[in-house]
Amino acid sequence: MKLLTDCNLSTVPDAANLALEEPVTLEEIYQAIKTGNPHKAPGIDGIRLEFLKKTWEATKEDLLQIVNEMYIEENISDYQKFGIIVSIPKQPHATQVEHYRHLTILNTDFKLVTRIIANRLRPWMQDLLHSSQHCGLMGNSVFEAITTIRDAVAHAEVTRSPLCVLTIDFQGAFDNVSHEYLFEVLCKYGFSEHFRKRIWNIYKNSISSVQIHGYRSCPFPIKSSLRQGCLLSMILYAMCFNPLLCTLENPLRCLRMGRHCARTSAVAYADDVTIFVTTPTDITKLQEAIHCFEAASGARVNIQKSRAIACGSWDKSIEIMNIPYHDTATVLGFQIKNTVGESALASWTKTTAKIRAQAQEAYCRMLTLDKIIQFVHEYLMVCAWYVSQIYPPPRLTYVCVN
């Protein structure tokens with residue numbers, strides 16, 4: 001594949017391949033159970049993590065044998081890989097397919113194996129992923145990603161330098177990943193043949209059914225995609241997306257902020273990618289890189305959901321991949337405009353409106369005092385805390401809860 005040939009990907013050290021060959025231990029299984037969400041819906045096996053926690057002493061040896069049979073012996077039945085796809089609305093009054101997020105409910109033993117693989121891979125992601133990818137890297141978070149975007153907008157605002165902030169939306173990003181491309185990427189990273197076979201065994205002959213309003217469709221084979229709802233999918237997608245970030249680094253004129261700051265041309269958090277274009281001469285190179293990524297991976301840019309924000313002295317008459325210019329773009333839950341002040345005001349306006357709506361909805365419920373306090377701390381204050389990590393609250397912002 002041209003994309004993988006042109007980009008310079010790092011390879012995993014021998015220590016990583018040796019660690020991935022080791023049998024699964026009881027400690028790894030218990031850690032996977034302990035860190036999992038006990039309230040998530042079970043797969044067709046009907047087993048919840050809470051059950052495994054409470055019966056750990058009685059079931060741990062059997063679990064160890066089952067997990068190692070699935071991982072080391074690569075013996076995973078079609079039943080264990082069976083998934084139930086449910087659709088969660090992304091917005092109120094959803095009426096179209098794209099208004100829903102499709103999650104796959106998986107069996108507990110299958111989730112344990114994929115969580116353990118993800119835990120084993122995570123320490124090595126720092127060596128493999130580009131620094132502009134903030135998902136999958138230990139110590140990085142969504143806040144580092146949005147802070148970089150905020151600082152880029154501030155730099156263009158203060159220096160009046162040309163900057164176009166492009167937010168690229170890939171349609172059905174996880175659903176369209178080619179399995180052939182996935183295994184080419186794993187080979188390029190230098191993962192051992194045994195490990196690649198184990199990943200192949202996870203996806204080989206996978207089948208799912210769609211469940212809507214309690215009705216379940218006939219099973220159908222999964223020929224592509226990384227299942228959303230599987231912890232391993234996020235890390236695998238970050239590795240699949242990494243060649244694009246590496247490709248963008250060389251041809252684009254990277255943005256440098258401050259005297260000693262690192263150069264950057266893009267910021268990514270899984271499939272959410274924001275690209276900084278500082279000169280019109282880079283547009284052709286950007287188009288070539290994205291088209292090459294689309295051809296290799298199966299990804300498709302959604303022009304209607306992608307947005308361009310003109311910052312500093314950027315000329316709006318310059319066309320970039322037919323992406324329309326907008327005054328506002330939403331990135332990782334934050335509102336981005338062409339100045340930091342306007343971005344902060346827009347983000348807090350949206351947040352306070354959301355808090356007000358949630359508070360008014362809760363006001364109609366018969367909640368006890370302790371439940372009201374819990375609701376304020378775990379729902380309302382969390383929204384405000386999230387935005388305040390990037391933008392301080394405006395002085396005159398008030399929230400009425402009744």
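The lining of the second largest cavity splits by class into five nonpolar, two polar and three charged residues. Keep in mind that this is a predicted model. The volume here is about 40 Å³. Who lines this cavity? Asn37, Pro38, Lys40, Ala41 and Pro42 do, along with Ile47, Arg48 and Leu49, and then Thr108 and Lys111.

Now the largest cavity. It holds about 50 Å³ of space. Its lining takes in Ala173, Asn176, Val177 and Tyr181. Tyr237, Cys240 and Phe241 also line the largest cavity, as do Phe293, Ser297, Gly298 and Ala299. Which elements give two or more residues to that lining? They are α12, residues 231–249, and α13, residues 283–297. The largest share, three residues, comes from α12. By class, the largest cavity has eight nonpolar lining residues, three polar and no charged. Set that beside the second largest cavity, where three lining residues are charged. In total, the structure holds three cavities of 30 Å³ or more.

Back to Thr108, from the second cavity's lining. Thr108 is also one of the buried residues of helix α7. That helix covers residues 108–121. How covered is α7? Mostly: 12 of its 14 residues are buried. Besides Thr108, the buried set has Asp109, Phe110, Leu112, Val113 and Thr114. Arg115, Ile116, Ile117, Ala118, Arg120 and Leu121 complete the buried set of α7. So there are charged side chains in that buried set too, Asp109, Arg115 and Arg120 among them.

Quick geometry check on α7. At 1.5 Å a residue, its 14 residues should span 20 Å. The end C-alpha atoms are 20 Å apart, so the two agree.

Next, helix α5, residues 56–71. Where is the kink in α5 centred? On Asp62, with a bend of about 30°. The buried residues of α5 are Trp56, Thr59, Leu63, Leu64, Val67, Asn68, Met70 and Tyr71. What do those buried residues pack against? Helices α2 (14–21), α3 (26–35) and α4 (49–54), for a start. Then come α6 (78–81), α7 and α11 (193–203). That ties α5 to α7, the mostly covered helix from a moment ago.

Now two loop residues. Gln96 sits in the loop between β1 (83–89) and β2 (100–105). Buried or exposed? Partly exposed, because its relative accessibility is 40%. Take Thr114 of α7 as a reference point. Gln96 and Thr114 are 18 residues apart in sequence. In space, C-alpha to C-alpha, they are 31 Å apart.

The other loop residue is Gly229. Find Gly229 between β6 (220–221) and α12. Recall α12 from the lining of the largest cavity. Gly229 has a relative accessible area of 38%, so it counts as partly exposed. Gly229 and Gly341 are 112 residues apart in sequence. Their C-alpha atoms are 36 Å apart in space.

Last stop, Ser343. Ser343 belongs to helix α14, residues 340–363. Why does Ser343 count as buried? Because its relative accessibility is 1%, and the cut-off for buried is under 20%. Which residues does Ser343 touch, leaving out those up to four places away in sequence? Gln335, Ile336, Lys337 and Tyr391.

How values were computed
Residues are numbered from 1 along each chain as its sequence is written. This is a predicted model: local features need pLDDT of at least 70, side-chain atom pairs count only at pLDDT 80 or more; totals for chains, interfaces and linings use all residues. Side-chain values use heavy atoms; hydrogens and water are left out. Helices (H or I, at least four residues) and strands (E, at least two) are DSSP runs, numbered from the N terminus. Buried means under 20% relative accessible area, exposed over 50%, partly exposed in between (1.4 Å probe, protein chains only). Contact means heavy atoms within 4.5 Å. On a 1 Å grid over the protein atoms alone, a cavity is a set of points where a 1.4 Å probe fits but cannot get out, and a pocket is an open set with protein on both sides within 12 Å along at least five of seven lines; lining residues have an atom within 4 Å of a point. Grid points are joined across faces, edges and corners, and a volume is the space filled by probe spheres set on the points. The bend at a residue is the angle between axes fitted to the seven residues ending there and the seven starting there. The expected span of a helix is 1.5 Å times one less than its number of residues.
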